[in-house]
Amino acid sequence: MTMALTHWAFIYAADGCDPERDVSITETGTCRTVLVGVGRPEQSPAVAARLVADGVQLIELCGAFGPVWTARVIEKIGGAVPVGAVGYGPEATHGLHAIFTSR
């Protein structure tokens with residue numbers, strides 16, 4: 001038996017984001033996508049727990065979280081839903097460095 005993906009979330013990190021305020025929802029009629037911005041990675045486990053309580057079937061994390069915060073999210077939700085994380089290959093190193101050190 002297969003189950004269709006009908007509700008998933010993406011948590012991203014950006015300066016100034018507040019996970020209580022910075023939530024965007026897209027409804028396609030068959031799938032609900034929830035985007036939640038956090039200002040600090042340590043906010044992500046609680047956000048993930050809230051999303052699971054709201055019925056998401058899958059959570060993806062932006063590349064800013066890395067393996068440590070991905071593991072903390074998985075631990076917080078007790079593996080209730082799959083959690084994936086965006087990763088960047090070595091070819092992206094210079095571009096990422098330019099973006100995050102250009103302040």
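**Reading the folds and labels**

Me: Why is G66 called partly exposed?
Reply: Its relative accessible area is 25%. Buried needs under 20%, and exposed needs over 50%. The value for G66 lies in between, so the label is partly exposed. Bear in mind that the model is predicted.

Me: Where does G66 sit?
Reply: G66 is in helix α2, residues 66-77. Its C-alpha lies 7.4 Å from that of A85, although the two are 19 residues apart in sequence.

Me: What makes G79 partly exposed?
Reply: G79 has 48% relative accessibility. Exposed starts over 50%, so G79 stays in the partly exposed class. This residue belongs to the loop between α2 and β5. From G79 to P90 is eleven residues along the chain, and their C-alpha atoms are 29 Å apart.

Me: What is the overall make-up of the protein?
Reply: There are three helices and five strands. From the N terminus they come as β-β-β-α-β-α-β-α. The C-alpha trace spans about 45 × 30 × 30 Å along its principal axes. Of the 103 residues, 32% count as buried. Take the contacts with a separation of 6 or more: 65% of them join residues 24 or more positions apart.

Me: In what order do the strands form the open sheet?
Reply: The order is β2-β3-β1-β4-β5, with mixed pairing.

Me: What makes β2 and β5 the edge strands?
Reply: β2 (23-27) and β5 (83-85) each pair on one side only. Neighbouring strands of this sheet are turned by 20 degrees against each other on average, ignoring direction.

Me: How do you know which strands count as paired, and what do β4 and β5 show?
Reply: A pair needs at least two bridges. Strand β4 (residues 58-61) is joined to β5 by three, so the two count as paired. They run parallel. One bridge links L61 to A85 of β5.

Me: How many bridges do β2 and β3 have?
Reply: They have five, in the antiparallel sense. The cut-off is at least two, so this is a pair as well. S24 has L35 in β3 as its bridge partner. The two strands form a hairpin with four residues between them. In the turn, G29 has a positive phi of about 100 degrees.

Me: What lies across β4 and β5?
Reply: Helix α2 does, running at about 170 degrees to β5.

Me: Why are the buried residues of α1 said to lie on the same side?
Reply: The buried residues of α1 (residues 44-53) are S44, P45, V47, A48 and L51. They cover an arc of only 160 degrees around the axis, which puts them on the same side of α1. Their cover includes β1 (7-13), β3 (32-38), β4 and α2. After α1 comes G55, with a positive phi near 100 degrees.

Me: Why does R72 count as sitting over the ring of W69?
Reply: The charged end of R72 is 4.4 Å from the ring centre of W69. The distance limit is within 6 Å, so that part of the test is met. The direction must also be within 35 degrees of the ring normal. R72 is listed as over the ring of W69.

Me: How many aromatic pairs does the whole structure have?
Reply: The search finds zero. A pair would need ring centres within 6.5 Å.

Notes:
Residues numbered from 1 in each chain as written. Predicted model: local features only at pLDDT ≥ 70, side-chain atom pairs only at ≥ 80, totals over all residues. Heavy atoms only, no water. Phe/Tyr/Trp six-rings, centres within 6.5 Å; stacked < 30°, edge-to-face > 60°. Buried < 20%, exposed > 50% of the residue type's maximum accessible area, 1.4 Å probe, protein only. Axes fitted to C-alpha atoms, helices over the stretch in contact; angles between N-to-C directions. Contact = heavy atoms within 4.5 Å. Arc of directions from axis to C-beta.
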